[in-house]
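The following exercises concern residue environments and aromatic contacts. Study the sequence and the structure before reading each solution.

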Amino acid sequence: MSTGAVGRAYPRLEGREKVTGTARYAVEYPVDDVTYGWAVPAAVVRGRITRFDTAAALALPGVLDVLHHGNAPRLAPAPEPELWLLQEPVVHYRGQLIAVVVATSIEAAREGARLVRIDYDTGAHSTVLTADHPGLYRPDHVNPSYPTDTAEGDFDAGYAAAPVRIDHVYRTPAYHNNPMEPHATTAQWRDGRLLVHDSNQGAAPVQATLAEMFEVPRDAVRVVAEHVGGGFGSKGYAKAAVVLAALAARQVDRPVRLTLTRQQLFGPVGYRTPTIQRVRLAADADGRLTAICHDAISQTSTLREFTEQTAVYTRSMYAAPHRRTTHRVVRLDVPTPFWMRAPGECPGAYALESAMDELAIAVGIDPVELRIRNDPAVDPDLGQPFSSRNLVACLREGARRFGWADRDPTPRARRDGRWLIGTGVAGASYPARARAADAAVTARPDGVFLLRIDATDIGTGARTALWQVAADALGVPPERVEIRIGDSDLPPAGIAGGSMGTASWSWAVIRACAALREKLRNVPGGVPTDGEVTAEASTADEVREQAQLPRYAYGAQFAEVRVDTDTGEVRMTRMLGVFAAGRVVNPTTARSQLIGGMTMGISMALHEEGVLDERYGDWVNHDLATYHITGCADVERIDAYWIDEQDAELNPAGVKGIGEIGIVGAAAAIANAVHHATGVRVRDLPIRLEKLLPAMA
Ligand code: MOS
């Protein structure tokens, strides 16, 4: 008996607390006797630390200690080598955090960090990704566990025989996650137990990592992440801030607050690897693809292999009898790349959806029609029918809303004063997965139902969505539901990542609520009178036994840009996305996720770029003044819509996840629009003035 809560545009439950400043983030909890940690980055790319001179720092009033490899508490080997901090005098990349100053004030900690003197022995380094780097190799798999290469048919023969061929290399630079709240932690040890308030995308994995590294039982570690100011993947697992804070708190035997600085986010917490992607497409004269090949190159660190699944997008997006995808990676003296919104799909779609636009022009077919013509009936990779696939519906609905029908495909055909105007389109897809989760729900005599689940709301609206799902599953008005999330003491439920949060958590919530209703079946009014009644559920078995099917969300991205013929400046006039993502739980928060992803795509296309200086082996732009991110004034009109989609093969809530689909294809739509406006095809992002200016004369 649904109460109609799912599908309604409720405001965020914690909205008032957030805008009034009472919602507490990781370093905002009042803590007695608290101290402050400030991390010190390595100033060389590669080498050995030969000396730490901490005398001046220690002499500063307020400074309690300086931790480094020579004196820090010992850690068990970390599941991720990047986290094995302050354990050895080795520098693997510039900016690696190699010391922590702890002081009674944040100012003293910062000044102390400035006073630490470090000497190094250094060696030659390699930090630039090139297509012919001698260190390129074929990894055993790509993230998270996809095959490295795939092949079907005979690409080379199919390509050679086709009347229309496209062969281009597309490049994307390093991109850096910049959540508003940086990685931040308050750590407290008491009687051998560790309590951390930490900014992350999932408390339980952080708890597990800390327990392993500090060699304490898992239940001796509690991780609280009640409110999180963004993550985009960079907070998917434990990162440097929480390890350093816990080390420092143990050393000084007082609570420690440690926040990474904005500059320290550019590397130590991961970033989207630069990519070099060669895409070859062949088609018949009607635009039907006969051969597709996508070869992707990316980088990883000397610490760990992390291979972005860049070409995976191409495996299932469009059909052709002859297909091949490959990934190669090289270990450089750089920080380990990590997740950033739609890892793999996002850079991969930029390349493939740009190449599709180039193919549309080569065969003289409208780019919307070209995609419709190549929409596969079954998953080209698995050969199975999709649980649902509504790319074509998204393209048609998007074209209608955007006013695509009258488009003159000729580049430079539209002009308004000194502005050239162009439009572009791209497809989008992102896997719709779910992982196992637990949840518990308690009926109280006061008629309130308390839902407990270790979900994380990183700003997405997940808390509100689960509250709506619970209300419907319990058959009560949402006002009678309370929810607690973001704490490793709650039933474990997996991270907010991979666009899996709402799908996975809702599943467990619905099962727990059904179990509770069963328990209360004979209770009048469904409310216990003497004491609480609790039901718990785990979806582990159900998720494991779910049929293996290709499940994806889809989208169509449309962009209109104008380009200044005097300066080459690109302005985003309007952007429209239409998505097919299963059931939408909350239209307000869903729209925010979708236009947020699209805005990150604008940022990827036009603004963001990690500019590497090989002499220093580091990005020279590592703050918000020099690393440009799209702001409100850069987004003139942006809209997201979704089609009504019922998919019974997903999960009980029928949701596909919307955190990542919004960024996929967005950069390609803009690059395609820029080509339409100017006739210039930019194949290396971002699209900057100097790449367009030569053609403006
Ligand atoms: Mo997202 S990159 O899966 O946190």
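**Exercise 1.** Determine whether Val-206 is buried or exposed, and identify which residues Val-206 touches beyond four places away in sequence.

*Solution.* The model is a predicted one.
Step 1. Val-206 has a relative accessibility of 0% and therefore counts as buried.
Step 2. Its location is helix 5, which spans residues 203-214.
Step 3. Leaving aside residues up to four places away in sequence, Val-206 touches Asp-198, Asn-200, Val-223, Tyr-237, Ala-238 and Val-242.
Step 4. One of these contacts, Tyr-237, also belongs to an aromatic cluster with Phe-306, Phe-338 and Trp-339.

**Exercise 2.** State how many aromatic pairs a search of the whole structure finds, then classify the pair formed by Phe-266 and Tyr-627 and explain why this pair ties together parts distant in sequence.

*Solution.* Step 1. The search of the whole structure yields 15 aromatic pairs.
Step 2. In the pair of Phe-266 and Tyr-627, the ring centres are 5.2 Å apart and the planes are at 75°. Planes over 60 degrees apart count as edge-to-face, so this pair is edge-to-face.
Step 3. Phe-266 lies in the loop between strand 14 (256-259) and strand 15 (275-283), whereas Tyr-627 lies in the loop between strand 27 (618-619) and strand 28 (638-642); the pair therefore ties together parts that are 361 residues apart in sequence.
Step 4. Phe-266 counts as buried at 5% relative accessibility, and Tyr-627 counts as buried at 0%.

**Exercise 3.** Identify which residue lies over the face of Trp-189 and which lies over the face of Trp-419.

*Solution.* Step 1. Over Trp-189 lies Arg-250, at 4.0 Å from the ring centre.
Step 2. Over Trp-419 lies Arg-562, at 4.7 Å from the ring centre.

Methods. Residues numbered from 1 in each chain as written. Predicted model: local features only at pLDDT ≥ 70, side-chain atom pairs only at ≥ 80, totals over all residues. Heavy atoms only, no water. Phe/Tyr/Trp six-rings, centres within 6.5 Å; stacked < 30°, edge-to-face > 60°. Helix = DSSP H or I, 4+ residues; strand = E, 2+ residues; numbered from the N terminus. Buried < 20%, exposed > 50% of the residue type's maximum accessible area, 1.4 Å probe, protein only. Lys NZ or Arg CZ within 6 Å of the ring centre and 35° of its normal. Contact = heavy atoms within 4.5 Å.
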